[in-house]
Amino acid sequence: QTADLVMQTAPDGQIQGDLEKRTEQKNSKYQLSVASENEAVLSQRTMDKMEVQKFQITQELNTMAEVEKLQEKMSMYKAHLPLGKLFFLGVLAGWWCGLAVILVITIAGGIPVDVRTAWPCLPKLVAGFFFPVAIFLIIIFGGELFTGNAMSLLIGLFSGRVTVFELAYNWSVVLVANFVGCVFTVFMFAELTDLFAHEPWQSYAQGIAVYKINLKPEVAFLRAI
């Protein structure tokens, strides 16, 4: 109220001057705030650039020598697994592989015969994409697969950590257990359920079986490798 009374009683020139001063003060304050904000943004960008320049990828992966040492320890662990546990884990891995095969045949075999004939690469692409699901399941939920044990136990044998008897014990138990797990899974969830009893799945599954049993021994051996 006092300021209003002063403004009313003051001359017009003085009022105009006071208004200009107040406007200049407001503008200067606004310019200062904008400048400070710009300085803060520039300083933050400068700090980000410095952080980027300082950033270096650290060595978080094991070297090949370290991987070999880890595999030697893994081979010792696998070679001394109790028979019951080793067999169960082998059956479990076979179970996962059986489920992956059922998945592959369900999807790839579901492709119409004329399409499979015109594009023979499609079933192979489906198999290559979906069969690794078995490996993911083994890694996540556990299992002893013969292929992985073949590598681990050989590394242990060559390094002197595993004996020939321990290698033969592990390989024989795991191979038989994998076979049991695969056959049981396919029998329970494909044969008894008539999953592939109709076309086009039946001809696809039968075609794979007939093709494989007619392979020459040396061809089958090289493809297994």
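A pocket, on a 1 Å grid over the protein atoms alone, is an open set of points where a 1.4 Å probe fits, with protein on both sides within 12 Å along at least five of seven lines; lining residues have an atom within 4 Å of a point. Grid points are joined across faces, edges and corners, and a volume is the space filled by probe spheres set on the points.

The model you're looking at is predicted, so local features need pLDDT of at least 70 and side-chain atom pairs count only at pLDDT 80 or more, while totals for chains, interfaces and linings use all residues. Residues are numbered from 1 along each chain as its sequence is written, and side-chain values use heavy atoms, with hydrogens and water left out.

**Exercise 1. Work out which secondary structure the chain has.**

Step 1: Start with the rule. Helices (H or I, at least four residues) and strands (E, at least two) are DSSP runs, numbered from the N terminus.

Step 2: Count them up. You get eleven helices and zero strands.

Step 3: Read along the sequence, and the pattern is α-α-α-α-α-α-α-α-α-α-α.

Step 4: Now for burial, where buried means under 20% relative accessible area, exposed over 50%, and partly exposed in between (1.4 Å probe, protein chains only). Of the 225 residues in the chain, 23% count as buried.

**Exercise 2. Describe the second largest pocket.**

Step 1: Take its volume, about 200 Å³.

Step 2: Look at the lining. There are 14 residues, and Lys-78, Gly-143, Leu-145, Gly-148 and Asn-149 lie nearest the centre.

Step 3: Ask where the lining comes from. Helix 3 (64-79), helix 7 (133-141) and helix 8 (146-158) each give two or more residues, and helix 8 gives the most, with five.

Step 4: Sort by class. Ala, Val, Leu, Ile, Met, Phe, Trp, Tyr, Cys and Pro count as nonpolar, Asp, Glu, Lys and Arg as charged, and the others, Gly among them, as polar. Here that makes six nonpolar, six polar and two charged residues.

**Exercise 3. Do the same for the largest pocket.**

Step 1: This pocket holds about 1500 Å³ of space.

Step 2: Of its 32 lining residues, the closest to the centre are Val-101, Ile-105, Ile-208, Ala-209 and Lys-212.

Step 3: Two or more lining residues come from each of helix 4 (83-108), helix 6 (121-130), helix 9 (164-191), helix 10 (201-213) and helix 11 (217-224). Helix 10 has the largest share, ten residues.

Step 4: By class, you find 21 nonpolar, five polar and six charged residues.

**Exercise 4. Find the salt bridges and say what they tie together.**

Step 1: Here's the idea: side chains of opposite charge can pair when their charged atoms come close. The cut-off is a side-chain nitrogen of Lys or Arg within 4 Å of a carboxyl oxygen of Asp or Glu.

Step 2: That rule gives two salt bridges.

Step 3: In one of them, Arg-161 pairs with Glu-72, with the closest N and O atoms 3.5 Å apart. Arg-161 sits in the loop between helix 8 and helix 9 and Glu-72 in helix 3, so this pair ties together parts that are 89 residues apart in sequence. Arg-161 is partly exposed at 37% relative accessibility, whereas Glu-72 is buried at 5%.

Step 4: The other joins Lys-78 and Glu-144, at 2.8 Å from N to O. Lys-78 is in helix 3 and Glu-144 in the loop between helix 7 and helix 8, so the parts tied together are 66 residues apart in sequence. Both Lys-78 and Glu-144 are buried.

**Exercise 5. Spot the unusual backbone in the loop between helix 9 and helix 10.**

Step 1: Know the background. Most residues other than glycine have a negative phi, and most peptide bonds are trans.

Step 2: Check Asp-194, which lies in this loop. Its phi is near 55 degrees, a positive value in a residue other than glycine. Asp-194 is partly exposed, with a relative accessible area of 48%.

Step 3: Move on to Pro-200, in that loop too. A cis peptide bond joins Glu-199 and Pro-200, with omega about 0 degrees.

**Exercise 6. Compare sequence distance with distance in space for Met-76 and Glu-166.**

Step 1: Place them: Met-76 is in helix 3, and Glu-166 is in helix 9.

Step 2: Along the chain they're 90 residues apart, yet their C-alpha atoms are separated by 9.1 Å.

Step 3: Add accessibility. Met-76 is partly exposed at 32%, while Glu-166 is buried at 17%.
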